[in-house]
Amino acid sequence: MKRIKYQAAIARSPLMVFREEIILWYRKQGRDLPWRATQDPYHIVVSEILLHQTTVRSVIPVYAAFLERFPTVQDCAEGPLEDIKAITDPLGYKIRGEWLYRIARYVMEHCQGRFPDTLDALMALPGVGRYTAGAVLSFAFGQDAPILDTNVNRLLGRYFGLNYKDKSAEVQHRLWSLAEAVIPPGAGSEFNQALMDMGAMVCTARKPSCLLCPISHNCATGLEAEKNEWGTSAAEERVTYRNRE
DNA sequence: AAGTCGGGGCC
DNA sequence: GGCCCAGACTT
């Protein structure tokens with residue numbers, strides 16, 4: 001009998017394409033950020049707390065200054081709080097210095113200086129919600145935990161045709177489910193970073209770069225949509241792209 | 001579900 | 001002036 005040929009005609013699923021295109025884009029175009037050079041849970045927590053509603057560019061120098069003054073969770077737990085706040089307060093949301101201080105003391109006193117690696121335990125820490133807990137599980141502990149920050153929320157909402165500005169429990173629950181479902185098994189850390197960079201650099205809040213987007217061909221909102229959410233047609237997008245640089 | 005915290009950047 | 005930024009917490 002003839003040997004059965006398992007050839008390339010087996011189509012890749014849309015989800016598979018989604019994952020592969022995003023990973024390929026990220027490895028070529030992704031940002032090189034300081035907190036991506038480590039898996040230390042303490043460093044990850046510091047970065048994530050500082051990044052709450054705060055631009056990456058603003059956080060970078062503060063992150064460096066913080067870890068120089070408080071290199072370990074033990075150093076942070078020893079405070080004093082005034083020294084912590086002197087570094088973190090200029091970013092705004094001045095409660096974050098106290099959160100970091102309380103987190104460090106809790107981890108030293110109740111966790112033998114090791115950060116917890118479960119969703120519930122992380123979310124019990126002050127200032128750590130679902131997003132930050134997922135970030136720690138993913139980036140520090142390598143788990144396939146979903147994250148849904150403003151970038152991922154917007155990207156998934158547009159791509160799957162959900163109104164991501166709708167903060168109702170139903171819509172947000174669907175987006176969290178999608179954030180979990182799209183993760184390539186075993187690659188949660190890199191893929192989550194990739195999703196955030198896609199949201200921050202391509203699928204931006206204003207004037208998204210649909211022409212440079214590797215997944216626009218399947219996007220429910222972007223380039224292929226006749227009229228998209230930012231009110232310009234696909235043709236207008238192309239003109240906009242041509243006229244810049 | 002809505003309000004609050006906040007400095008900084010970009011229209 | 002309005003919107004947005006790797007959200008979380010309180011009411």
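These legends describe several close-up views of a predicted model of protein chain A with DNA strands B and C.

Residues are numbered from 1 along each chain as its sequence is written, and chains are lettered from A, with ligands numbered from 1, in the order in which they are written. Because the model is predicted, local features need pLDDT of at least 70 and side-chain atom pairs count only at pLDDT 80 or more, while totals for chains, interfaces and linings use all residues, and side-chain values use heavy atoms, with hydrogens and water left out.

**View 1. Chain A as a whole is built from helices.** The secondary structure of chain A comes to 12 helices and zero strands, where helices (H or I, at least four residues) and strands (E, at least two) are DSSP runs numbered from the N terminus. Of its 245 residues, 47% count as buried; here buried means under 20% relative accessible area, exposed means over 50%, and partly exposed lies in between, with a 1.4 Å probe and protein chains only. Chain A exposes about 13500 Å², of which carbon and sulfur atoms supply 53%, the areas coming from the Shrake-Rupley method with a 1.4 Å probe and, for residues, with only the protein chains shown counting as cover. Among the contacts in chain A with a separation of 6 or more, 59% are made by residues 24 or more positions apart, a contact being heavy atoms within 4.5 Å.

**View 2. DNA strand B and the residues around it.** The residues that surround DNA strand B include Gln-53, Thr-54, Arg-57, Tyr-93 and Arg-206, and a residue is near a strand if one of its heavy atoms lies within 4 Å of it. Of the atoms of DNA strand B that come within 4 Å of the protein, 44% belong to sugar and phosphate. Three polar contacts with bases can be followed here, a polar contact being a pair of N or O atoms within 3.5 Å; within protein, one must be able to donate a hydrogen and the other to accept it, and residues adjacent in sequence count only if both atoms are side-chain atoms. A polar backbone atom of Gln-53 is 2.8 Å from a base nitrogen, a polar side-chain atom of Thr-54 lies 3.4 Å from a base nitrogen, and a polar side-chain atom of Tyr-93 lies 2.4 Å from a base oxygen. By class, the surface near DNA strand B has five nonpolar, three polar and three charged residues, with Ala, Val, Leu, Ile, Met, Phe, Trp, Tyr, Cys and Pro counted as nonpolar, Asp, Glu, Lys and Arg as charged, and the others, Gly among them, as polar.

**View 3. DNA strand C and the residues around it.** DNA strand C is surrounded by 29 residues, of which the closest are Trp-35, Leu-51, Gly-127, Thr-132 and Arg-154. Sugar and phosphate make up 59% of the atoms of DNA strand C that come within 4 Å of the protein. The side chain of Trp-35 places an N or O atom 2.6 Å from a base nitrogen of the strand. Phosphate oxygens of DNA strand C are approached by a backbone N or O atom of Gly-129 at 2.8 Å and by a polar side-chain atom of Arg-154 at 2.3 Å. Helices α8 (130–140) and α9 each supply at least two residues of this surface, whose residues divide into 12 nonpolar, nine polar and eight charged.

**View 4. Aromatic pairs, with Trp-35 and Tyr-63 in the centre of attention.** A search of the whole structure finds six aromatic pairs; rings of Phe, Tyr and Trp (its six-membered ring) pair if their centres lie within 6.5 Å, and planes under 30 degrees apart count as stacked, over 60 as edge-to-face and the rest as tilted. Trp-35 and Tyr-63 form an edge-to-face pair, with 5.3 Å from centre to centre and 85° between the planes. Trp-35 lies in the loop between α1 (14–29) and α2 (41–50), whereas Tyr-63 lies in helix α3 (residues 56–69), so the pair ties together parts that are 28 residues apart in sequence. Trp-35 is buried at a relative accessible area of 6%, and Tyr-63 is also buried, at 6% relative accessibility. The ring centres of Phe-66 and Phe-70 are 5.2 Å apart with the planes at 45°, so this pair is tilted.

**View 5. Buried Arg-158 in helix α9.** Arg-158 is found in helix α9 (residues 150–160) and counts as buried at 2% relative accessibility. Its side chain reaches the backbone oxygen of Thr-204 at 2.8 Å and the backbone oxygen of Ala-205 at 3.2 Å.
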